[in-house]
Amino acid sequence: MSGYQQKPGDIAVFKEKEKRNDRAPDWRGSLIVPEGAKPGDKLEVAFWAKGDKGTMLAGSVKFPMQRNAGPANEAPAHRGPDFDSPF
């Protein structure tokens, strides 16, 4: 996936090519925490298979949708990045 640039809210997870032992992870990657997140926040994740033969999982992290109990014309609560990621 040359040219792939992670942005806040993006996850990139790659299939481990050389497992050194049975306890090593099958997949390993990184996450750039979305702006506004703080320790203890619960975030939702979604993944899509990418790369040659599905060797990479690309995904996104967002704040869960929050139900708004206010008036119908009130602005929605912050949801973070959408899952419609351009991977």
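**Strands, pairings and salt bridges in a predicted model**

The secondary structure of the protein chain in this predicted model comes to 0 helices and 4 strands.

Trainee: In which order do the strands stand in the open sheet?

Mentor: Read along the sequence, the protein chain follows the pattern β-β-β-β. In space, these 4 strands form an open sheet with antiparallel pairing, and the order across this sheet is β2-β1-β4-β3.

Trainee: Which strands stand at the edges, and why is one side of each left without a neighbour in the sheet?

Mentor: An edge strand has a single partner strand, so one side of it is left without a neighbour in the sheet. The strands to which this applies are β2 (27–31) and β3 (44–50).

Trainee: By how many degrees are neighbouring strands of this sheet turned against each other on average?

Mentor: The sheet in question is the open one with the order β2-β1-β4-β3. With direction ignored, the average turn between its neighbouring strands is 20°.

Trainee: Over how many bridges do β3 and β4 pair?

Mentor: Strand β4 covers residues 56–62 and pairs with β3 in the antiparallel sense. Within this part of the sheet, Trp48 stands opposite Ala58 in β4. The pairing of β3 and β4 runs over 7 bridges.

Trainee: Is Val13 buried or exposed?

Mentor: Val13 is found in strand β1, which spans residues 10–15. Not counting residues up to four places away in sequence, Val13 touches Trp27, Arg28, Gly29, Phe47, Thr55, Met56 and Leu57. Because its relative accessible area is 14%, and the cut-off for this class is under 20%, Val13 counts as buried.

Trainee: How far apart in space are Val13 and Lys50, C-alpha to C-alpha?

Mentor: In sequence, Val13 and Lys50 are 37 residues apart. In space, the separation of their C-alpha atoms is 9.8 Å.

Trainee: Which residue meets Arg28 in a salt bridge, and which parts does the pair tie together?

Mentor: The side chains of the two residues meet at 3.2 Å, N to O, and the partner of Arg28 is Glu16. Arg28 lies in strand β2 and Glu16 in the loop between β1 and β2, so the pair ties together parts that are 12 residues apart in sequence. At 27% relative accessibility, the partner is partly exposed, and its name is Glu16.

Trainee: Which residue forms a salt bridge with Lys62?

Mentor: The closest N and O atoms of this salt bridge are 3.9 Å apart, and the partner of Lys62 is Glu44. Because Lys62 lies in strand β4 and Glu44 in strand β3, the pair ties together parts that are 18 residues apart in sequence. Lys62 counts as buried at 7% relative accessibility, whereas 30% makes the partner partly exposed, and that partner is Glu44.

Trainee: What relative accessibility does Asp10 have?

Mentor: The side chain of Asp10 meets that of Lys7 in a salt bridge, at 3.8 Å from N to O. Lys7 is partly exposed, with a relative accessible area of 39%. Asp10 counts as buried, and its relative accessibility is 4%.

Trainee: Over which residues does pLDDT stay under 50?

Mentor: The mean pLDDT of the protein chain is 75, and 71% of its residues reach 70 or more. Where pLDDT is low, the predicted coordinates should not be read in detail. The model has 24 contacts beyond four places in sequence for the stretch where pLDDT stays under 50, which is residues 72–83.

Note on methods:
Residues are numbered from 1 along each chain as its sequence is written. This is a predicted model: local features need pLDDT of at least 70, side-chain atom pairs count only at pLDDT 80 or more; totals for chains, interfaces and linings use all residues. Side-chain values use heavy atoms; hydrogens and water are left out. Helices (H or I, at least four residues) and strands (E, at least two) are DSSP runs, numbered from the N terminus. Buried means under 20% relative accessible area, exposed over 50%, partly exposed in between (1.4 Å probe, protein chains only). Contact means heavy atoms within 4.5 Å. Two strands pair if DSSP finds at least two bridges between them. Axes are lines fitted to C-alpha atoms, for helices over the stretch in contact, and angles run from 0 to 180 degrees between N-to-C directions. pLDDT is the predictor's confidence in each residue, from 0 to 100. A salt bridge is a side-chain nitrogen of Lys or Arg within 4 Å of a carboxyl oxygen of Asp or Glu.
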